Every structure is written in C-alpha cells, then in structure tokens.
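Work through the exercises below with the sequence and the 3D view side by side. Try each task before reading its solution.

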Amino acid sequence: MQELPLVALPVQEKIAVLFKRVYTSIWARAFIFKTSLMEKFTLEILFHIIGIGSASGLIYKDNSLFIIGDNSGFLYEYAIPSQTLQQHAIIQNASPNVIKSEKPDFEAITHFGDTLYVFGSGSTQKRNKMVEINTFEKEIRTKDLTDLYSVMQSFAEIKPEDFNIEGAIYTGSEWYLFNRGNGESSKNVLFTIHGKNFVDEFNILSNNYKLPKIKGVRSSFTDAVLLDDKIYFLATAEDTKSTYDDGEILGSFLGCIDTKTMKIDFTKKISDTHKFEGLTVYQNTNNTIEFLLCEDKDTEILETTIYKLIVNKKH
C-alpha cells in the first residue's frame, strides 16, 4: 500500500499540480462540463484525481472508489471524503504505465461482498489473468483464465484477434462478461457463466447484440453494472478494427438490458467525444439513478476525471 507522491516537476508545474489538487480534486461544483440530453440525462464532471491514467473501470464502495487502468499494474483506492489516493500492486513489478506489449490490460472490474475481481481483456496471451483482491486485508489471488477464454471464444465463434473482455458483473452465483466488438467482426457478446469455478465446472450462455452506430462506426461494450434486474452498460464508437490498436473516438452510449429477457430496453448517446470505460452505481432513488463514470484517454498522463451521470428512471 502506497500513498502516491507528487511527481518530481519543475517549480511552476508543481505549483500548477498542487493548485489542481486543491481546487479540482474536490467536489467540483463549478462544473467544467455539463449537458442535459432530452431532459432524461445529466452528465457533469464531479472531480479530478491526480495519479491515475487510462482509467478503464471503477467500483464505488464504502465511500471510496476502486479504480483500474488498462496501462497499470495497480489497483487504486480513492477515499472521497479525505481526497486521498492509495495504490496497491496487483502484479509483480507493478508500474502505472506498463509498455503496451507487456501490460496485463486490466479492462474490467466487479465485486461481490468484500472481494474485487479484476479481469485482463484476453486480447493477447499476456492479458488472460483475473486478480481477486480483498478490500480490507488487500490479500491478492491470481487466476489464469486462458482455458476459460478459449472456451468462450469457441462457444461464441469469436476469433482470438476479436476477443476483448471489457465489462464484468458477479452476482455471487453467476458471472456476466462482456466482449467488446471493436475487432474486425464487431461481435458484441454478453456471456453468462454459471458454475463453481472458472476451471472445470462451469456452463456458458451467450447473447449477441448489434449496438448503435455513430458515423457508420458500430459502438461496442466498454463496461456494465447490475442494478435490480437490469444491466446498465456503456458502449463507445471507436474508429478501429482492432482490439489492440486505438482509433478516433466518436462518442459513447448508455444502454440497458433486461436480465429476464436479455433484450435491450434502450440506448442513449451521452457524449460525442468521450471514451467512457468505467461505470458504477453511486446513488439509487425512486426517480433517478446516479452513476459514476471514468474515461480512458489512451495517454500516459496520470490524471483521471470522474463524471456523474444522472438518469431519469421514467424514460
């Protein structure tokens, strides 16, 4: 467990970073970005966190955010009341910016009880790990999901180069894993996995989805969260035919799947410019749901913006 130090910078830049920590790492009531879509959605910047880059998933739990980055070997823990950031190494020789060819590519995070589950994307052989972290003792266990990922690819007829897990949900009895269809075949697949483990006792179901397009580019799953009997998901349109290479960002959607029918209830565009990759429930009331979102900017800059998305339940 480490407190993140202020990076060694020239004096003027260090003053700027300190100023930003004080005035933008707190609750941002003077919002830099705010928009309302059809009076059903409100998206706003909530705060900034210095020390995390390429955020790809987040969990809100006990007034803290647990955040992963697809370039990083750390799990980050941000205490909202005190605005303090800790990092926990979840791979050997962890670095905040692992070189692309070697990175574990942690793209999905979920939790059940006091345990977090972090998934590698499976887009290369070095990205097939799942890491379990106890949120209190920070005990870490790692599993190799190579065999499971191979079965999933075969079952859903996804080529290895088109396989890219970017969302995960665990209910305590079943798993939902989301393949992002940003490869050549554009296969957005929701896997439902039942069983005692991921090794030799599991059953798999899969559902394929055609998600909306932006400027002719099909959007693809980037994260999801379960609330009651609904799966709320993010999907981003990125102009690329590769699960490895990045492309131009064309916008992001929020959508909803009914777990009883496994059909999409709705999709709504929430941004024309952001690549949202993390989604967690913040508040749930009778009339609205508040989500927290994070964005992957595909850079090595260690700064992350947390957004709040407010959704009216009466669509």
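The exercises that follow cover sheets, a helix, buried residues and salt bridges.

The model is predicted: local features need pLDDT of at least 70, side-chain atom pairs count only at pLDDT 80 or more, and totals for chains, interfaces and linings use all residues. Residues are numbered from 1 along each chain as its sequence is written, and side-chain values use heavy atoms, with hydrogens and water left out.

**Exercise 1. Lay out the sheet that contains E8, and find its edges.**

Step 1. Fix the vocabulary. Strands (E, at least two residues) and helices (H or I, at least four) are DSSP runs, numbered from the N terminus. Two strands pair if DSSP finds at least two bridges between them.

Step 2. Read off the order. The sheet is open, has four strands and runs E8-E9-E10-E11, with antiparallel pairing.

Step 3. Mark the edges. E8 and E11 (140-144) each have a single partner strand, so one side of each is left without a neighbour in the sheet.

Step 4. Add the twist. It averages 20° from one strand to the next. Axes are lines fitted to C-alpha atoms, for helices over the stretch in contact, and angles run from 0 to 180 degrees between N-to-C directions.

Step 5. Check the register at the E8 edge. Six bridges pair E8 with E9 (residues 115-120) in the antiparallel sense. His111 faces Leu116 in E9, standing opposite it.

**Exercise 2. Lay out the sheet that contains E14 and E15, then place H2 on it.**

Step 1. Read off the order. This open sheet of four strands goes E12-E13-E14-E15, again with antiparallel pairing.

Step 2. Mark the edges. E12 (165-170) and E15 are the edge strands, each pairing on one side only. Neighbouring strands are turned by 20° against each other on average, direction ignored.

Step 3. Follow the hairpin. Six residues connect E14 to E15. The two strands, E14 (residues 188-195) and E15 (residues 202-209), run antiparallel and are joined by eight bridges.

Step 4. Check the register. Ile193 stands opposite Ile204 in E15. His194 stands opposite Asn203 in E15.

Step 5. Place the helix. H2 (residues 146-156) lies across E12, E13 (174-179), E14 and E15. H2 runs at about 50° to E15.

**Exercise 3. Describe the surroundings of Glu107.**

Step 1. Locate the residue. Glu107 belongs to E8 (residues 106-112).

Step 2. Test for burial and charge pairing. Buried means under 20% relative accessible area, exposed over 50%, and partly exposed in between (1.4 Å probe, protein chains only). A salt bridge is a side-chain nitrogen of Lys or Arg within 4 Å of a carboxyl oxygen of Asp or Glu. Glu107 is buried yet has no salt bridge. The nearest side chain of opposite charge is Lys103, 5.5 Å away. Lys and Arg count as positive, Asp and Glu as negative; His and the chain ends are not counted.

Step 3. List the contacts (heavy atoms within 4.5 Å). Leaving out residues up to four places away in sequence, Glu107 touches Ser56, Ile68, Asp70, Phe119, Ser121, Ile165, Glu166 and Glu277.

**Exercise 4. Is Leu227 buried or exposed, and which residues does it contact?**

Step 1. Locate the residue. Leu227 lies in E18 (residues 220-227).

Step 2. Apply the cut-off. Leu227 has a relative accessible area of 14%, so it is buried.

Step 3. List the contacts. Neighbours within four places aside, Leu227 is in contact with Tyr232, Asn284 and Ile289.

Step 4. Compare sequence and space. Leu227 and Val281 are 54 residues apart in sequence, and 7.9 Å apart C-alpha to C-alpha.

**Exercise 5. How many salt bridges does the whole structure have, and what do Lys308, Lys126 and Arg141 pair with?**

Step 1. Take the total. The search finds 20 salt bridges.

Step 2. Take Lys308. Its partner is Glu44, with the closest N and O atoms 3.7 Å apart. Lys308 lies in E24 (residues 303-312) and Glu44 in E3 (residues 41-50), so the pair ties together parts 264 residues apart in sequence. Both Lys308 and Glu44 are buried.

Step 3. Take Lys126. It meets Glu102 at 2.8 Å, N to O. Lys126 counts as partly exposed at 44% relative accessibility, and Glu102 as partly exposed at 40%.

Step 4. Take Arg141. It meets Glu132 at 2.7 Å, N to O. Arg141 is exposed at 55% relative accessibility, whereas Glu132 is buried at 8%.

Step 5. Finish with the network. Salt bridges link Glu166, Arg180, Glu238, Lys275 and Glu277.
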